[in-house]
Structure formats: C-alpha cells, structure tokens
Amino acid sequence: MDNHELVMRFYTDIYNNGEFFTDLNGLQMSRRKYYDKIPIQGNVYPMPTIMYFEDDKTRMNILSAQPLGTTNRHSGVVDVFLDRRLMQDDERGLAQGVKDNRLTVETFKVLLETKPFESEKASLKSQIDSLKQLNPVYLMQSETRQSKSEISFVPCDVHLLNLRKIKTETNESDEFSLFFHRFGTSCDSNCEFNSLRLGELFKDAIVNNLEQTASHKKKK
C-alpha cells in the first residue's frame, strides 16, 4: 500500500469540542486543540504514552506502549497514526521516501473513567496502567519464603525511575543514585500521599548512609 497512512480511529459519544490532552515524555500532560485553519498534518501531536479527551462526565484514556501521533478532527472522534509508506520525499527534511517499513507489534489499552476533578492531570490509575505497559512485570519466585511484614513498599503515587552506580575516577565507589518520580494526580485521587521513607526500604546491612541530593517542588 504505497502512499498510504495506517490510522486507528475511535468513535465515541464524548463531546469534547476538539480539545484533548497528550503527555510530555510520560511526565506531565499538555492541552491540545484542533485548528481548522491549518492542514491536518499541523494538527497531529506526539503521544509518547498517554492521550485522553473528556466531556463534563466521562474521560477516555488511550494508553500506548510506543510513541505515536494523534489528533482529534471532530468531537468524540480520535485518530492514532500507526504507520505510513511514502514513495517520494514529503519535503519535511528526510530527503527521501519512507520505504523501510517493518512489521511491528503495537500495544494499546483503552481506559474509560469518570471525569476527574482536574482536567490537566492524568488519573493515578491511568498512569499506573501506562507504566505496566511500558515496564511489564516479570514474576519471580524465591526458594525461601518471605513474610509480607518484611517487605516495604513505596507510596502508590511514587515510581522508581532508575537505580545506578555512581562512577568515579577510580571506579571503586560503592555509592548508588536512586531516582524517584511522584505522579501529578488530581485532588480526588484515592491514593494516600504518604512521605517516602528511604530508610525503611533498605536494611542496615545493605545501606549505611542515605542522603537527599535533589528535590523539585512545583511553585504555586
């Protein structure tokens, strides 16, 4: 199918008046709007992981395991651009056609929920479900049983981004950096916003000292 685009389209009865939201690198949401005065290619926005649209009662989330493009040409109708094949240059900087298409598996999840209190924040459930798509959980069983009382968990609105060793000139450091991300959720979230106590996550035999080096709080 030369010179064609493959699009997944959703038809709903959600009257959103051409307004929708997409995420910025999975960290925060940005409000989008379809403008009739510019062509459709100018109305396609990147959707790294999440997009949603809503009316005064219902919100529909589309969670993607791969970055794609999306737009909302008509109220309640959403397009997700999956792939395209061009035989000539589209004069957008590539200087050639798009002919190297490969068969790929693309994964999505559609989540319908009651409209949260705040429009510009993804719900906690949608963000957790998105993480499950991006980082599938692999269940491993230990030969020795461990009681639940010995296991510590981070709060439900906190995600472990990275754990890496700090590199030094001698490369003999035993220090590690631990990066957390706290979700920005609406006020009607059911999550208990507890403090993150790093000292309770590790045993004394593993970690001797913990030091907070960076923290970002949004200014009011």
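**Note on the strand pairings, cores and aromatic pairs**

1. T22 stands opposite S30 in β3, and D23 stands opposite M29 in that strand. These positions belong to the antiparallel pairing of β2 (residues 19-24) with β3 (residues 28-33), which is made through 6 bridges; two strands are taken to pair if DSSP finds at least two bridges between them. The two strands form a hairpin with 3 residues between them, and N25 in the turn has a positive phi of about 55°.

2. The model is predicted, so that local features require pLDDT of at least 70 and side-chain atom pairs count only at pLDDT 80 or more, while totals for chains, interfaces and linings use all residues. Residues are numbered from 1 along each chain as its sequence is written, and side-chain values use heavy atoms, with hydrogens and water left out.

3. The protein has 1 helix and 11 strands, where helices (H or I, at least four residues) and strands (E, at least two) are DSSP runs numbered from the N terminus. Along the sequence the pattern reads β-β-β-β-β-β-β-β-β-α-β-β. Among contacts (heavy atoms within 4.5 Å) between residues at least 6 apart in sequence, 62% join residues at least 24 apart.

4. Of the 220 residues, 31% are buried, buried meaning under 20% relative accessible area, with exposed over 50% and partly exposed in between (1.4 Å probe, protein chains only). The accessible surface comes to about 16500 Å², and 50% of it belongs to carbon and sulfur atoms; the areas come from the Shrake-Rupley method with a 1.4 Å probe, and for residues only the protein chains shown count as cover.

5. The largest nonpolar core, a set of buried Ala, Val, Leu, Ile, Met, Phe, Trp, Tyr and Cys residues joined through side-chain atoms within 4.5 Å, has 13 residues, and those with the most contacts inside it are M51, F53, M60, I62, V78 and V80. Two or more residues each come from β4 (45-47), β5 (50-54), β6 (58-64) and β8 (77-85), with β8 giving the most, 3 residues. Apart from this core lies another, of 6 residues, among them F21, I50, Y52 and L63.

6. Leaving aside residues up to four places away in sequence, M60 touches F10, T12, I14, M51, Y52, F53, V110, L111 and L112.

7. A search of the whole structure finds 2 aromatic pairs, the rings of Phe, Tyr and Trp (its six-membered ring) being paired if their centres lie within 6.5 Å, with planes under 30 degrees apart counted as stacked, over 60 as edge-to-face and the rest as tilted. F20 and Y45 form an edge-to-face pair, at 5.7 Å centre to centre and 70° between the planes. Because F20 lies in β2 and Y45 in β4, this pair ties together parts that are 25 residues apart in sequence. F20 is buried at 0% relative accessibility, and Y45 is buried at 15%.

8. F21 and Y52 form a stacked pair, at 5.0 Å centre to centre and 20° between the planes; since F21 lies in β2 and Y52 in β5, the pair ties together parts 31 residues apart in sequence. The two residues are also bridge partners, within an antiparallel pairing of β2 and β5 over 2 bridges. F21 is buried at 2% relative accessibility, and Y52 is buried at 0%.

9. The buried residues of helix α1 (residues 124-134), including L124, S126 and L131, pack against β5, β6, β9 (108-114) and β10 (158-165).
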